[in-house]
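The following account leads through one structure, taking up charged pairs, an enclosed space, backbone features and a patch of surface in turn. Please keep the sequence and the model in view while reading.

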Amino acid sequence: MLPTRWASVRIFCIFFGAIIRVHTLLIAVLKFKSDDFLPWLAKIAASVSLGIALLLPLTGFAEEVSAASGVSATSAVSADNPASAVGAASAVGAESPPVSKLDAMDPTRNYMSGKVESWARSIDSFFGDYRNYQESNDSVVQLDATQVVGYLGEPKYDFALNAKVSLPNTERKYKFLIETNPEDKTTSNTTNTQARVVKPVSTPATIAAALRYEKAEAERWHFSTDGGIQLAGLASTPFVRARLSLAMPLDKWRMKVAESVFWFSSIGAGESTLIDFERQLNEKQLLRVSSNATWLNNTQSFDLSQSFSVFHALNERTALMYQIGAFGVSRPQAQVTDYVVLMTYRYRLHRKWVFFEISPQLHFPQVANYQASTLLSMRLEFLLDNSR
């Protein structure tokens with residue numbers, strides 16, 4: 001029997017629960033410094049992650065085949081004997097149990113889920129978030145220059161490029177990618193709309209090119225896998241990545257889970273789990289609670305983050321984001337490395353593709369004994385996709 005939609009969701013929840021248990025075990029092992037078990041547990045986490053990456057596309061395909069089979073069977077009966085088809089439909093209707101209250105709530109739940117989905121997508125698109133770049137099925141180009149002032153040092157500059165171009169005659173399933181610093185973006189436990197630990201980097205270290213395969217079902221799941229090369233002359237190195245995200249409605253909330261596995265020749269294998277809970281507060285505000293854990297096999301440790309964000313759309317050209325967050329690591333012991341409070345003001349300067357952003361932030365880093373350290377980030381971004 002082919003899996004149904006809810007069977008696929010239940011299977012995913014079971015596998016994701018296994019990941020959480022593995023994460024918990026890993027943290028416990030790290031706490032008690034039982035290093036002999038770490039390689040074994042890391043392999044389990046990677047295996048479960050890869051299993052999820054393969055699971056949902058296959059179940060989605062199974063649903064499509066099942067639906068197609070049902071339609072074909074009905075069509076065949078109708079063609080052979082229209083009266084029999086009508087009679088069979090009547091019999092099914094007569095024998096069907098009454099609709100339960102939970103089933104009656106489905107349209108309302110789906111409506112609310114759709115509103116949260118579209119609102120969250122519009123927010124991510126406006127802010128040029130990296131998750132929008134990851135999950136958009138269209139061609140996307142993001143180019144931004146950021147200046148950071150404060151935070152325990154001299155002013156820092158960062159230039160970033162993300163370009164994803166659909167290849168012709170591939171039904172938009174294959175993309176050609178160009179990215180700066182793919183290691184940082186893959187292993188980072190934040191997105192563009194989240195605070196991040198500021199690193200003393202002034203220019204991109206590497207530029208990478210890759211070929212990606214994508215498959216998605218609207219408002220449900222998105223799967224992508226790519227392989228490429230970090231371009232550095234004779235020192236060029238390969239990498240591979242796979243990412244799966246799934247969105248599920250929870251009454252007035254929406255839960256979104258993203259699981260990634262990756263391997264870079266420079267840093268080795270790893271995996272990352274991101275969980276978002278989103279709720280639309282009113283017509284102009286969205287609440288997002290994000291939790292992330294990233295495991296690196298070479299360092300045998302987790303990078304952790306937790307954030308609470310409120311997005312407020314003032315008008316078609318302006319939006320604000322308020323956020324509090326915490327960053328942590330699991331080794332040499334579980335500890336918080338930075339607390340962050342920030343506000344981001346984003347303004348659309350020109351048409352729909354030139355944006356200016358300013359973000360005053362207050363950090364409480366461990367390296368400064370959790371004393372307050374101010375930071376001001378300013379960014380100019382060019383954001384191009386098929387809607388702009």
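Glu-278 counts as buried, because its relative accessibility is 1%, a value under the 20% cut-off for that class. The model is a predicted one. Arg-254 is likewise assigned to the buried class, because its relative accessible area is 4%. These two residues form a salt bridge in which the closest N and O atoms are 2.6 Å apart. Arg-254 belongs to strand β7 and Glu-278 to strand β8, and the pair links distant parts of the chain, 24 residues apart.

A second buried pair is made by Arg-346 and Glu-381, both of which are buried. Their salt bridge brings the closest N and O atoms to 2.3 Å. Since Arg-346 lies in strand β12 and Glu-381 in strand β14, the pair ties together parts that are 35 residues apart in sequence.

A third pair consists of Glu-179 and Arg-241, joined by a salt bridge with the closest N and O atoms 3.4 Å apart. Here the link runs between distant parts of the chain, from strand β3, which holds Glu-179, to strand β6 (residues 237–250), which holds Arg-241; the two are 62 residues apart. Both Glu-179 and Arg-241 are buried. Glu-179 and Arg-241 also take part in a network of salt bridges, whose other members are Lys-164, Lys-175, Arg-212, Glu-214 and Asp-226. Over the whole structure, the search finds 15 salt bridges.

From charged pairs the account turns to enclosed space. Rolling a probe the size of a water molecule over the atoms shows where empty space is left. In the whole structure, three cavities of 30 Å³ or more are found. The second largest cavity has a volume of about 50 Å³. Which residues line the second largest cavity? The lining is made up of Arg-131, Glu-135, Arg-243, Lys-256, Val-257, Ala-258, Leu-274 and Asp-276. By class, five of the lining residues are charged and three are nonpolar, with no polar residue present. Helix α6 (130–135) and strands β7 (253–264) and β8 (268–280) each supply at least two residues of this lining. Strand β7 gives the most, with three residues. Strands β7 and β8 are also the strands that hold Arg-254 and Glu-278 of the salt bridge described at the outset.

Leu-274, one of the residues of that lining, leads on to a further contact in space. The C-alpha atoms of Leu-274 and Asn-292 are separated by 4.5 Å, although the two residues are 18 apart along the chain. Asn-292 is found in strand β9 (residues 285–296). With a relative accessible area of 8%, Asn-292 is classed as buried.

The backbone has several features that merit inspection. Two asparagines, neither of them in a strand or helix, may be taken together. Asn-181 has a positive phi of about 50 degrees although it is not a glycine. Its position is in the loop between β3 (174–180) and α7 (182–187). Asn-369, also a residue other than glycine, has a positive phi near 55 degrees. This residue is placed in the loop between β13 (354–365) and β14 (373–385). Is each of these asparagines buried or exposed? Asn-181 is buried, because its relative accessible area is 11%, whereas Asn-369 is exposed, because its relative accessible area is 61%. The corresponding cut-offs are under 20% for buried and over 50% for exposed.

A cis peptide bond is found between Arg-331 and Pro-332, with omega about 5 degrees. Pro-332 lies in the loop between β11 (318–329) and β12 (335–350). Strand β12 is the strand that carries Arg-346 of the buried pair with Glu-381.

The last feature is at the surface. Val-165, Leu-167, Tyr-174, Phe-176 and Leu-211 make a nonpolar surface patch of about 400 Å². Val-165 is placed in strand β2 (residues 156–166). Because its relative accessibility is 40%, Val-165 counts as partly exposed, the class that falls between the limits for buried and exposed.

Definitions and conventions:
Residues are numbered from 1 along each chain as its sequence is written. This is a predicted model: local features need pLDDT of at least 70, side-chain atom pairs count only at pLDDT 80 or more; totals for chains, interfaces and linings use all residues. Side-chain values use heavy atoms; hydrogens and water are left out. Patches are made of residues with over 30% relative accessible area and no salt bridge: like charges are joined within 9 Å, nonpolar side chains (Val, Leu, Ile, Met, Phe, Trp, Tyr) within 5 Å. Accessible areas come from the Shrake-Rupley method with a 1.4 Å probe; for residues, only the protein chains shown count as cover. A salt bridge is a side-chain nitrogen of Lys or Arg within 4 Å of a carboxyl oxygen of Asp or Glu. Helices (H or I, at least four residues) and strands (E, at least two) are DSSP runs, numbered from the N terminus. Buried means under 20% relative accessible area, exposed over 50%, partly exposed in between (1.4 Å probe, protein chains only). On a 1 Å grid over the protein atoms alone, a cavity is a set of points where a 1.4 Å probe fits but cannot get out, and a pocket is an open set with protein on both sides within 12 Å along at least five of seven lines; lining residues have an atom within 4 Å of a point. Grid points are joined across faces, edges and corners, and a volume is the space filled by probe spheres set on the points. Ala, Val, Leu, Ile, Met, Phe, Trp, Tyr, Cys and Pro count as nonpolar, Asp, Glu, Lys and Arg as charged, and the others, Gly among them, as polar.
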